[in-house]
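Me: I have a chain open here and want to go through it piece by piece. Can you take some quick questions?

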Amino acid sequence: MLPSADYRQNMVAPRYAAEYDRLLGAAGEVRTMPYQRAAGAAYAAANRELLRHADLLVAVWDGSPGSDRGGTGDAVAAARAAGVPVEVVWPAGAARQARTRPARRGRPRVL
């Protein structure tokens with residue numbers, strides 16, 4: 001489930017593009033939400049659509065509330081509210097690290 005038409009171009013770092021393309025090509029089905037730009041509304045819509053078809057949500061998540069609409073925390077909360085079982089994966093000792101995403105309109109995005 002891709003949140004928007006520009007997801008690869010604006011959200012996938014060049015060093016991961018080949019792996020992204022390989023995984024996308026290996027997918028049995030790919031759906032792209034009808035949004036032009038990857039942003040909160042697109043992610044929230046993708047989460048809703050994904051959960052409509054899910055028997056189980058496996059979330060790689062540290063348990064922290066998200067800062068953006070449509071994030072992992074929102075998906076987990078929505079799945080639980082809908083009665084979809086949730087398995088959270090977060091290895092002991094793992095920690096988030098700030099990273100830079102590809103620039104949008106000349107500005108780097110740090111997560």
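Reply: Yes; what follows goes through a predicted model, from the whole chain down to single residues.

Me: What does the secondary structure of the protein chain come to?

Reply: Four helices and four strands. In sequence order the pattern reads α-α-α-β-α-β-β-β.

Me: How many residues in the protein chain, and what percentage is buried?

Reply: The chain has 111 residues, and 30% of them are buried.

Me: And what share of the contacts comes from residues 24 or more positions apart?

Reply: 62%, counting contacts in the chain with a separation of 6 or more.

Me: Now the strands. How do β1 and β2 pair, parallel or antiparallel?

Reply: Parallel, over four bridges, with β2 covering residues 86-89. Together with α4, the two strands form a β-α-β unit, and that unit is right-handed.

Me: Which residue in β2 is the bridge partner of alanine 59?

Reply: Valine 88. On the same pair of strands, valine 58 of β1 has glutamate 87 of β2 opposite.

Me: Which residues of β1 are on the covered face and which on the uncovered one?

Reply: Leu57 and Ala59 are on the covered face, while Val58 and Val60 are on the uncovered face.

Me: Stay with leucine 57. Why does it count as buried?

Reply: Because its relative accessibility is 10%, and the cut-off for buried is under 20%.

Me: What is leucine 57 in contact with, leaving aside neighbours within four places in sequence?

Reply: The list is Leu51, Ala75, Val76, Ala79, Val84, Pro85, Val86 and Glu87. For valine 86, the C-alpha to C-alpha distance from leucine 57 is 4.8 Å, with their positions 29 residues apart in sequence.

Me: Which residues make up the largest nonpolar core?

Reply: Nine residues: Leu51, Leu57, Ala59, Trp61, Ala75, Val76, Ala79, Val84 and Val86. At least two residues come from each of β1 and α4. The biggest contribution is that of α4, with three.

Me: What other core lies apart from it?

Reply: One of six residues, including Leu2, Met11, Val12 and Tyr20.

Me: Back to the nine-residue core. What does tryptophan 61 contact beyond four places in sequence?

Reply: Tryptophan 61 is in contact with Thr72, Gly73, Val76, Arg80, Val88, Val89 and Trp90.

Me: Glycine 73 is on that list. Where is it found?

Reply: In helix α4. Glycine 73 counts as buried because its relative accessibility is 14%. Its C-alpha is separated by 7.0 Å from that of glycine 63, 10 residues away along the chain.

Me: Switching to α3. What does it reach from first C-alpha to last, and what is expected?

Reply: Helix α3 takes in residues 40-52, 13 in number, and reaches 18 Å, close to the 18 Å expected at 1.5 Å a residue.

Me: Which residues are buried in α3?

Reply: Ala42, Ala44, Ala45, Ala46, Asn47, Glu49 and Leu51. The elements covering them include β1 (57-60) and α4 (72-81).

Me: Glutamate 49 caught my eye. Why does it count as buried?

Reply: Glutamate 49 counts as buried because its relative accessibility comes to 18%; the threshold is under 20%.

Me: With which side chain does the side chain of glutamate 49 make a polar contact?

Reply: That of histidine 53, at 2.9 Å.

Me: And its contacts, leaving aside neighbours within four places in sequence? What are they?

Reply: Glutamate 49 is in contact with Met1, Arg31 and Met33.

Me: Last one, alanine 54. Where is it found?

Reply: In the loop between α3 and β1. Alanine 54 is partly exposed, as its relative accessible area is 22%. Proline 85 is 31 residues from alanine 54 in sequence, and their C-alpha atoms are 9.0 Å apart.

Definitions and conventions. Residues numbered from 1 in each chain as written. Predicted model: local features only at pLDDT ≥ 70, side-chain atom pairs only at ≥ 80, totals over all residues. Heavy atoms only, no water. Expected span 1.5 Å × (residues − 1). Buried < 20%, exposed > 50% of the residue type's maximum accessible area, 1.4 Å probe, protein only. Contact = heavy atoms within 4.5 Å. Polar contact = N/O pair within 3.5 Å; in protein donor to acceptor, adjacent residues only side chain to side chain. Core = buried A, V, L, I, M, F, W, Y, C linked by side-chain atoms within 4.5 Å. Pairing = 2+ DSSP bridges. Right-handed = clockwise from strand over helix to strand, strands pointing away.
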